[in-house]
Structure formats: structure tokens, C-alpha cells
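I opened this entry to keep track of what I looked up, residue by residue. The notes follow the order in which I went through them.

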Amino acid sequence: MSGMWGNKLKVSIFGESHGVGIGITIDGLPSGFEINMNEILKEMARRAPGKSKLSTARRETDSPEILSGYFEGKTTGTPLCAIIRNGDQHSKDYGKLKDLMRPGHADYPGNIRYNGFNDYRGGGHFSGRITAPLVFAGAICKQILESHGIFIGSHVKSIGEVEDKSFSEVELTKELLDNLKTKELPLLFSDKEALMRETVLKAKTDLDSVGGTIECTVLGMNPGIGNPFFDSVESTLAHLMFSVPAVKGIEFGKGFEMTKLRGSDCNDEYYYDGDKVKTYTNNNGGITGGITNGMPILFKVGIKPTASIAKKQRTINIDEKKDAELEIHGRHDPCIVQRAVPVIEAATAIGILDLIL
């Protein structure tokens, strides 16, 4: 089964980009939790395309239809299943892609894995479109976490070579995270916005695409959550991050930068703030030994440039078994970093809820 994840909370996704619909089943939610549907639709809208020059022109309303596990506004505790019907597909844009394997895409390995029976239109089951149900599930998990005083937020850390500030350089509050959610390009340092937009639009003009990084934080975590080794907080979150198409890397706290430093630079020294234990720095990103230490969880993910580009590329034609060339037409994001922000938050919420249940 391709799409099943979780221990106490079990999540599975289904659907294809240009099929009837896409959806998700979530098992293990607490019963009697009142879901705020308006908040869910707000989260869905953050991911939805067609809002600006920075993303694809495909328009989707992304309105979820709950089929089960929800009664009179509350969770029943049985599996909650929701479907999002597909609307604005241009399947004809994909006719010639049946035999031409898009470089950087799942077309070729997917064709081999499913013996040629996979729905290739719009990337099929490998499409970023399938992240819409993930955002739906994450939005429910976020609401449950918020009722426990746990808040998740993120910002675009970089696009191409243009860097935003880090969460470690600012005071982390719920207000800051709420404010980031209202921005189309969520940055801590808005002076970089024009440069980032320019980077994306320049790639678009060049018939190309660009990648970047997203930094995410979890506030309000008690110490002592998680397990050593296989179900550590890092392995739980990393598993989910890599379940988001286009994620190619993850680091917690200072991450790879730690490899260049000494222990004395990396260790987070403890102190008492009243009777609360805190650390002077948060280089380990709120997790030590796979378990939360009470500081904010901090991590960054690397998002690769969108694989579908209009620039001419070399590829293969699997029907004729010959080398070929390909220029991809259709509607694609020159950069998916800003649209991936709510997806990363959603995947984080699913993982954190599973850890605290």
C-alpha cells in the first residue's frame, strides 16, 4: 500500500491529479473534537494554486467533502475520510507525455513500478496536487494541537540564493506565526520579498524553475515527548517531510552547520527560568536524544526546483525505445516553495499529534 503512515494516528491518501478526486483517511482521531471548518478552508486556500504570478494558473477550489467520521460538527472517533473533487484539469496537455519521460519526474520509475498502468496525467498519484488532502488532515491535527497549546508555523527561508532570517534570530510567539500565515510569501524579513519574487519570475522567463528552503517551528511542546532511535521526534518528522513530493533534504536546528563547529559551540546549555528549564541556545532544534527538551522544535526542509519546465530537455520515448527531446507545455509553478509552506506545516501537525496522543 503506497499511502499509509502512523502509529496511533493512521493516515492514508488516495487519488490521481486528473482523476475524479483525491482524498485522505485519518484513523485514530480523538472523538468529540469540534472541527472549525472555516479554519480548515483557510489552510486549504494557502496551498491552492492560481493566486499569483508565482504559481501555476491551474485553479482548484480545493473544497473537501467529508464522507465519514464526522457528525454534527464533531469527530466521531471512527476513520474520518474526505474527498476533494478535481475540477480544472487540462488532460490534453499531457497526451504526448504518455511515452516521453519527464526528467526529474516520477514518470519513468512510476511506469516501471506499476507496469505501465499508472495514470500519467498531471503526474497522477505522484502529483503535488495530492498534497491538498494532506493539508486537510494537517488542518484538523493543528486544531487539536492548538487546544493543547501547541502551535506550528513556518516561513520561506530561501529561494534560490536569496536568504531570509532564521527563526533562531527572532522571538518566537503565536502572534508571529499567525502573521506569517496571512502572507503570500511568508518572510521574517520582508526586505527580501522583492528579490525573491524577481528570482522566481526570472526563472519563469527563462522557461525554468527554482527551489528553496522552508523553516518550520513547533511552539508549546512539553519536554519528554518522543522516543529514542526508531520513533524519535526527528525520524517521525523526517519520514513525513520526505512524504511530500519535492522535499530533498531536512536538518534540525543548526543541522549540517554543526559538522563544522565544536561541541562547545553546539551544546545547548541549560538554565532555570523560574521553575521552567530552558536552554540559552537552540542549536539542536528542541530535540535531544530523539526526545523534546521543551525548547521550540526547529527544522528546515530543502525543496527542489519544479521538475516540469518548458525548456528543451533530453529524455527517452519508452514506446519507441529511443532517445528524444521534450519541451513541457501546460501550467506549472516556476517555484513551489511558497505553496509547500502549508503542506510542511500540515505534515508536521500530523507527526506531532501522533507523538502526543
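I started with the accessibility of proline 305 in this predicted model. Proline 305 has a relative accessibility of 40%. Buried would need under 20% and exposed over 50%, so proline 305 counts as partly exposed. I then looked up its place: proline 305 sits in the loop that runs between strand 16 (297–303) and strand 17 (313–317). Leaving out residues up to four places away in sequence, I found proline 305 touching Ser209, Val210 and Gly211.

Next I checked the record. An unreviewed UniProt entry carries the annotation "binding site" for His125, Phe126, Ser127, Gly289, Lys304, Pro305, Thr306, Ala307, Ser308 and Arg331. I asked myself whether these residues gather at one spot or are spread out. They span 207 residues in sequence and the farthest two C-alpha atoms lie 44.4 Å apart, so they do not all gather at one spot. Of the annotated residues, I noted Phe126 in the lining of the largest cavity.

From the same annotation I took up arginine 331. I located arginine 331 in the loop between strand 18 (322–326) and helix 8 (337–356). Its relative accessible area is 23%, so I entered arginine 331 as partly exposed.

Last, I looked at arginine 339, which I placed in helix 8. Is arginine 339 buried or exposed? Its relative accessibility is 12%, and because the cut-off for buried is under 20%, arginine 339 counts as buried. I also recorded a polar contact here: the side chain of arginine 339 reaches the backbone oxygen of arginine 47 at 2.8 Å.

Key: Residues numbered from 1 in each chain as written. Predicted model: local features only at pLDDT ≥ 70, side-chain atom pairs only at ≥ 80, totals over all residues. Heavy atoms only, no water. UniProt positions renumbered as here; feature names shortened; annotations may be inferred. 1 Å grid on protein atoms, 1.4 Å probe; cavity = no way out; pocket = protein on both sides within 12 Å on 5 of 7 lines; lining within 4 Å. Helix = DSSP H or I, 4+ residues; strand = E, 2+ residues; numbered from the N terminus. Buried < 20%, exposed > 50% of the residue type's maximum accessible area, 1.4 Å probe, protein only. Contact = heavy atoms within 4.5 Å. Polar contact = N/O pair within 3.5 Å; in protein donor to acceptor, adjacent residues only side chain to side chain.
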